[in-house]
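Here are some notes to read alongside the model. Each point takes up one part of the chain, and the residue numbers can be followed in the viewer.

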Amino acid sequence: MKFTLSWLKEHLDTDADAAAVAEAMTMAGLEVEAVHDPIAALAPFTVARIVSAERHPNADRLQVCQVDTVDGIKEIVCGAPNARAGLTTIYAPIGAFVPGLGVTLVEKPVRGVVSHGMLCSASELELADESDGILELADDLKVGEPAAGVFGAEPVIDFEVTPNRPDWLGVTGIARDLAAASLGQLKTPSVVAVAGRYPSPIRVRIEAPEMCPVFAGRLIRGVKNGPSPEWLQRRLTAIGLRSINRLVDVTNLIAYDRCRPLHVYDAAKLVGEELVVRGGQVASGTPNHEGGEHEHLIALDGKTYTLDPSMCVIADAAGERPIGLGGVMGGESTGCSDDTVDVFVESAWFDPIVTAQTGRTLTISSDAQYRFARGVDPAFVVPGLELATRLILDLCGGEPSEVVVAGQAPANPASFAFDPARVGQLTGLSLDDDRIAEILTRLGFEVARGDLWTVTPPSWRRDVEAPADLVEEVARIEGYDALPSTPLPDQGAPSRGVLNPRQARVRRARRALAAMGYSEAVTWSFTKQSTAALFGGGDERLLVENPIAADLDCMRPSALPNLIQAAARNAARGHADAALFEIGPIYLDDSPTGQRTVISGLIAPRSARHWGGGAEDALFGLKGDLMALLEELGAPVGSLQLVQGQNRDWWHPGRSARLQLGPKTVIVEFGALHPRVLKALDADPPMLAFEIVLDAVPEPRGAKSKARGAANLANLMPLTRDFAFVVEDDKAAGELTRAVAGADKALIADVRVFDVYRGAGVPEGMKSVALEVVIQPAEATLTEAEIEALSAKVVAAGMKAGATLRG
């Protein structure tokens, strides 16, 4: 919505400039988008007069003009066809910014002749969309007179109108709110009725009162249409509207001045003596008119629109011919032209929802549709018609008929009780009752004071329905900057955000896995019941009563199915080599709380095909990641027992294991996932995974310092010794390595398996496990005797674990 400062001052008695008006509007809740000041933009431009104009020596279409300017006589090269001696126009000096061209003038030669300025057209000054030549002004203008004064330029305020305030779509409504905010006194002139001189020969009949409850109109004979006077053209042009003719310009002026859309019909083009307001018609073909032919309307924009029964239509010829879309746009067949003599002026109230839907369906957004869709003042139907009549008579002459009114306007908003103390309760403002009543009265509300006030909203404020709405109006006009500010009570020192041990372990696990190259996945805590059954879940007690999706109807018993499906989706999109992890809850029936926290990881090894590599390498790599993670979590890795053959049935029976503390406390299960489970989840094998039950991992003893201590680096070279032990085939190599590592914890730094052999030289049912023992001296280089003594301890530890040294 745009308006000029002088237009506002026709309704508001104030000395405020554009900046003060914009500030007051902002504080009153009107969102000002911009203040356009053409006076500043036109400041460099002044009136000039061409003394002589001669053809350019090097260009037939250019003229070299001697111009009398505010800076004296200037030689200017001009390409306008109407440049001639004696023409009064507008001059732009060197250094001026020309808004229509977006350039700053510089002194440069044009085909060999230097131009010392520019003669401007209307489009170059953004006074018109296009121009045929330079401006031609009145000869009585003085050279050097500012262009802003010549064109009557003035500031234009542009602001955003919220959907609930259609009264702001008229300058009157803006002036009313600013007057209530004490920026000035409201002085909108009252509407004086124009007496009709004869009965209107055109009647109105409403067949669709739900679309148009009230329709008023009158005939005006003998009008003389044509170009509007200069003041009206300037007013409309300033806000971006194109002047068409007097009759149409009057309707546009009242739409922006009073938020009262109108329409004028050329009475000579109407068929019959009755206008009918109805819904769109469809030719009967079926009982429901399905498949029938819709009627069409060629609107004033020259486009043809297909009408349907949901749209409000104005028709003549006994209701048979559509001539307009109610509240949206008139038809081309009855539009006014300069030859129009008799006009029928329409002022109606169209249902906002019907009007809005019509605009959306037909993709029409006219000024009338924009206002009717928000709900204009139904009480101003007849006054708006009287105001239009007076303007038409003043500008076009003519003889008016009596006003014809069909239907009845919607009832005014209902009164309701209001306690003025609610203002202080809801806003904290300390206002006396007189100030509250003053604000509401200035806004147009009727206030009947008593123990409880009775407040009646005005007809143009249908958005006010409850006491809280009145409180908002009072606070808005008093000023949101007047709202008291109360600091929150001091709560002491802010929390430092210390993590509890569980949260700290989760953070360490997340960082460690990310450093290993795993990507974190965040998945649902739900899964499909059939999928949960594959992982030991799916119990009826864990079903969700109101699942967010049909395939998320059960609490998950493991995080692995979601990771498997995520890896499968990645593989389907060309990213098969996935490494994912998730830290989150699982839900089990045997848990006391029904919930446990797990750290789950999954890899889908898809390395290049090679005879020497494969899933076995990936499995050992997964185990290495798992052990490193457990070390980071402070788990007692040295005390964990590796158990094979006891994993649950979604693990591969021959390529999986578990780590546990004693026979009952299972810390983690890891290994290859069963191909049967992968097939059920539409995932390609192999996939390797682990799932740590974080609740089962004991907390490390003693408080662990956050600061990392000094590195304990040995200053002596380590040495290695190899041992080959013969053990039973079903005995885990890990038990032997733990036993050997415990032979001398001070000197033995690491024990690694580097070979496992079954065959000739090894008894049936036995295997040879070759170990590399890394010995790290701490204080002095070991002597041969000390090394022999340590070797004897290693052999003894192996024999204690059930192994014999291979000969």
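1. Just after helix α10, glycine 397 has a positive phi of about 70°. This is a predicted model, and the angle, like every other value below, is computed from it. Helix α10 itself covers residues 381–396. From its first C-alpha to its last, α10 reaches 22 Å over 16 residues, close to the 22 Å expected at 1.5 Å a residue.

2. How many of the 16 residues of α10 are buried? Twelve are, and the helix is mostly covered. Among them are Val381, Gly384, Leu385, Glu386 and Leu387 towards the start of the list, and Leu395 and Cys396 at the end of it. An α-helix has 3.6 residues a turn, so residues three or four places apart point the same way. The buried residues of α10 pack against two helices, α6 (230–238) and α7 (246–258). They also pack against the strands β16 (214–221), β24 (343–349) and β25 (399–400).

3. Valine 223 belongs to the same region of contacts, since it touches Ile392, Cys396, Gly397 and Gly398, among others. Valine 223 lies in the loop between β16 and α6. Its relative accessibility is 5%, under the 20% cut-off, so valine 223 counts as buried. Other residues that valine 223 touches include Leu247, Thr340, Val341, Asp342 and Val343. How far apart in space are valine 223 and glycine 398? Their C-alpha atoms are 4.5 Å apart, although 175 residues separate them in sequence.

4. Further along the chain, three strands form an open antiparallel sheet in the order β27-β29-β28. Strands β27 (416–418) and β28 (446–448) are at the edges with a single partner strand each, so one side of each has no neighbour in the sheet. Neighbouring strands of this sheet are turned by 35° against each other on average, direction ignored. Between β28 and β29 (residues 453–456) there are three bridges, in the antiparallel sense. Alanine 448 has threonine 454 of β29 as its bridge partner.

5. Two helices meet these strands. Helix α12 (residues 433–442) packs on the sheet and touches β27, β28 and β29. The direction of α12 makes about 15° with that of β29. Helix α13 (residues 467–478) lies across β27 and β29, and runs at about 55° to β27.

6. Is arginine 505 buried or exposed? Arginine 505 is buried, with a relative accessible area of 2%. This residue is found in helix α14 (residues 501–515). Leaving aside residues up to four places away in sequence, arginine 505 touches Leu633, Leu694, Val697, Pro698, Glu699 and Pro700.

7. Strand β33 (residues 579–587) is mostly covered, with seven of its nine residues buried. Its pairing with β30 (residues 519–520) is parallel and has two bridges. There, serine 519 has leucine 580 of β33 as its bridge partner. Its pairing with β34 (residues 595–603) is antiparallel and has nine bridges. Tyrosine 587 stands opposite glutamine 595 in β34. In a regular strand the side chains alternate between the two faces of the sheet.

8. The count of aromatic pairs comes to seven. In one of them, the rings of phenylalanine 535 and tryptophan 650 have centres 5.5 Å apart and planes at 45°, so the pair is tilted. The pair links distant parts of the chain, 115 residues apart. Phenylalanine 535 is in the loop between α15 (529–534) and β32 (554–555), and tryptophan 650 is in the loop between β35 (641–644) and β36 (651–661). Phenylalanine 535 counts as buried at 2% relative accessibility, and tryptophan 650 counts as buried at 4%. Phenylalanine 723 and phenylalanine 725 form a stacked pair, 6.3 Å centre to centre with 20° between the planes. Both of these phenylalanines, 723 and 725, are buried.

9. Two arginines are placed over aromatic rings. The charged end of arginine 176 sits over the ring of tryptophan 460, at 4.0 Å from its centre. Arginine 374 lies over the face of tyrosine 370, and here the distance to the ring centre is 3.8 Å.

How values were computed: Residues numbered from 1 in each chain as written. Predicted model: local features only at pLDDT ≥ 70, side-chain atom pairs only at ≥ 80, totals over all residues. Heavy atoms only, no water. Pairing = 2+ DSSP bridges. Helix = DSSP H or I, 4+ residues; strand = E, 2+ residues; numbered from the N terminus. Axes fitted to C-alpha atoms, helices over the stretch in contact; angles between N-to-C directions. Contact = heavy atoms within 4.5 Å. Buried < 20%, exposed > 50% of the residue type's maximum accessible area, 1.4 Å probe, protein only. Expected span 1.5 Å × (residues − 1). Phe/Tyr/Trp six-rings, centres within 6.5 Å; stacked < 30°, edge-to-face > 60°. Lys NZ or Arg CZ within 6 Å of the ring centre and 35° of its normal.
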